[in-house]
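Visitor: I am new to reading structures, and I would like to take a close look at one small part before I try to follow the whole. Could you choose one residue in a loop, tell me what surrounds it, and then lead me outwards from there?

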Amino acid sequence: MPSDVAYSPAGEGLGMRDFWLYAWLRRAALIAAHVTGLGLTVFISVLSRPGTSLFSWHPMCMSVAYCLCMTEGILLFSAEGTIFCFKSQKNKVRFHWLCQALVLIAAAVGLSFILASKNVSELPHLVSWHSLLGSCTLAASLLQGSCGVCVIFHKQLRLSSSPARLKLYHATCGLVVYLLATVTVVLAMFSDWFQATVKGAAWWVFAMLPLFPALVAMNQITDAYLPRKKTSS
């Protein structure tokens with residue numbers, strides 16, 4: 001990550017000393033969000049022991065999709081910088097596309113494994129809040145991917161909306177999808193599978209961890225796209 005602290009409009013109105021402290025706190029939060037997303041993915045993957053059953057691939061694939069790939073695809077555009085060595089906006093957009101494509105692929109694989117597992121075990125589908133909200137998240141992810149295609153190919157598709165407005169819609173819908181995914185991950189912590197292994201205070205810690213990257217992503221998107229009032233000097 002670059003050593004200089006990028007300007008963030010959220011710090012307007014602060015004194016110079018307060019601004020630099022605020023900027024470094026935001027950078028620390030960004031790094032913590034990266035670590036949290038990666039840590040959750042590794043922990044859930046190890047906990048699920050992929051290969052031991054059909055179900056074991058579902059938590060790993062979904063954590064890779066939403067805790068890792070979607071998180072990195074959003075935080076890539078943070079005003080506080082990025083852990084990746086991308087200087088041009090074009091390269092950032094390309095990597096964002098790669099991350100979101102991996103989200104859809106990993107989610108589709110994870111979905112196929114849970115469907116196969118339930119069919120083999122002769123268990124009913126869509127009977128928990130986790131499965132219901134997860135289905136909504138998958139559907140929203142597909143719509144969001146379509147929205148991203150409209151942003152990139154707005155000229156070829158001859159859309160009436162301006163590119164700036166399409167980007168606003170894309171970012172807003174992306175935030176909704178990420179929040180849906182976050183709640184779905186938290187609900188997974190209430191499953192018998194997770195609670196059988198993680199108990200006590202550790203369970204509360206892991207249940208709260210997915211909320212932190214979501215807060216950082218929400219702050220990033222609202223800072224970038226919500227209209228701001230000018231502050232008088």
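Guide: Let us begin with F84, which, once its neighbours within four places in sequence are left aside, is in contact with E72, L76 and F95. Please keep in mind throughout that this is a predicted model. F84 sits in the loop that joins α2, residues 57-75, to α3. Its relative accessible area is 23%, and because buried means under 20% while exposed means over 50%, F84 is classed as partly exposed. One of its contacts, E72, is twelve residues away along the sequence, and the C-alpha atoms of F84 and E72 are 9.7 Å apart in space.

From this loop we can step into the helix that follows, where H96 is placed in α3, residues 89-121. L76, which F84 touches, is also one of the residues in contact with H96, along with G73, F77 and H170, when neighbours within four places in sequence are left aside. The contact with G73 can be described in finer detail, since the side chain of H96 reaches the backbone oxygen of G73 at 2.7 Å. H96 has a relative accessibility of 14%, and since this is under 20%, H96 counts as buried.

Further along α3 the picture leads into the interior. V103, again leaving aside neighbours within four places in sequence, is in contact with A65, Y66, C69 and M70. V103 also belongs to the largest nonpolar core, a group of 19 residues in which A65, Y66, M70, I74, V103, A107 and Y178 touch the most other members. Several helices share in building this core, for α2, α3, α4, α6 and α9 (residues 211-225) each supply at least two of its residues. The largest share comes from α2, which gives six residues. Apart from this core there is a second, separate one of ten residues, and among its members are C67, V185, F206 and A207.

Some of these names return when we look for empty space inside the protein. A search of the whole structure finds one cavity of 30 Å³ or more, and the largest cavity holds about 80 Å³ of space. Its lining is made by L40, Y66, C67, T71, Y178, A181, T182, V185, P210 and P213. Both α2 and α6 supply at least two residues of that lining, and α6 gives the most, with four.

T182, one of these lining residues, also gives us a way across to another helix. The C-alpha atoms of T182 and G134 are separated by 9.9 Å, although the two residues are 48 places apart along the chain. G134 lies in α4, which covers residues 129-152, and because its relative accessibility is 15%, under the 20% limit, G134 counts as buried. It has company within α4, where the buried residues are S131, L133, G134, T137, L138, A140, S141, Q144, C147, G148 and V151. As you read that list, it may help to remember that an α-helix has 3.6 residues a turn, so residues three or four places apart point the same way. The buried residues of α4 pack against α2, α3, α5 (residues 154-157) and α6 (residues 163-188). The length of α4 can be checked too: at 1.5 Å a residue, its 24 residues should span 34 Å, and because its end C-alpha atoms are 34 Å apart, the two values agree.

Two other loops deserve a careful look on the way out. R49, in the loop between α1 (residues 16-48) and α2, has a positive phi of about 50° although it is not a glycine. With a relative accessibility of 57%, which is over 50%, R49 counts as exposed. L126, in the loop between α3 and α4, likewise is a residue other than glycine with a positive phi, near 55°. Its relative accessibility is 48%, so L126 counts as partly exposed.

Finally, we can set these pieces within the whole. The protein has nine helices and zero strands. Of its 233 residues, 39% count as buried. Among contacts between residues at least 6 apart in sequence, 68% join residues at least 24 apart.

Conventions
Residues numbered from 1 in each chain as written. Predicted model: local features only at pLDDT ≥ 70, side-chain atom pairs only at ≥ 80, totals over all residues. Heavy atoms only, no water. Buried < 20%, exposed > 50% of the residue type's maximum accessible area, 1.4 Å probe, protein only. Polar contact = N/O pair within 3.5 Å; in protein donor to acceptor, adjacent residues only side chain to side chain. Contact = heavy atoms within 4.5 Å. Expected span 1.5 Å × (residues − 1). Core = buried A, V, L, I, M, F, W, Y, C linked by side-chain atoms within 4.5 Å. 1 Å grid on protein atoms, 1.4 Å probe; cavity = no way out; pocket = protein on both sides within 12 Å on 5 of 7 lines; lining within 4 Å. Points joined across faces, edges and corners; volume = space filled by probe spheres on them.
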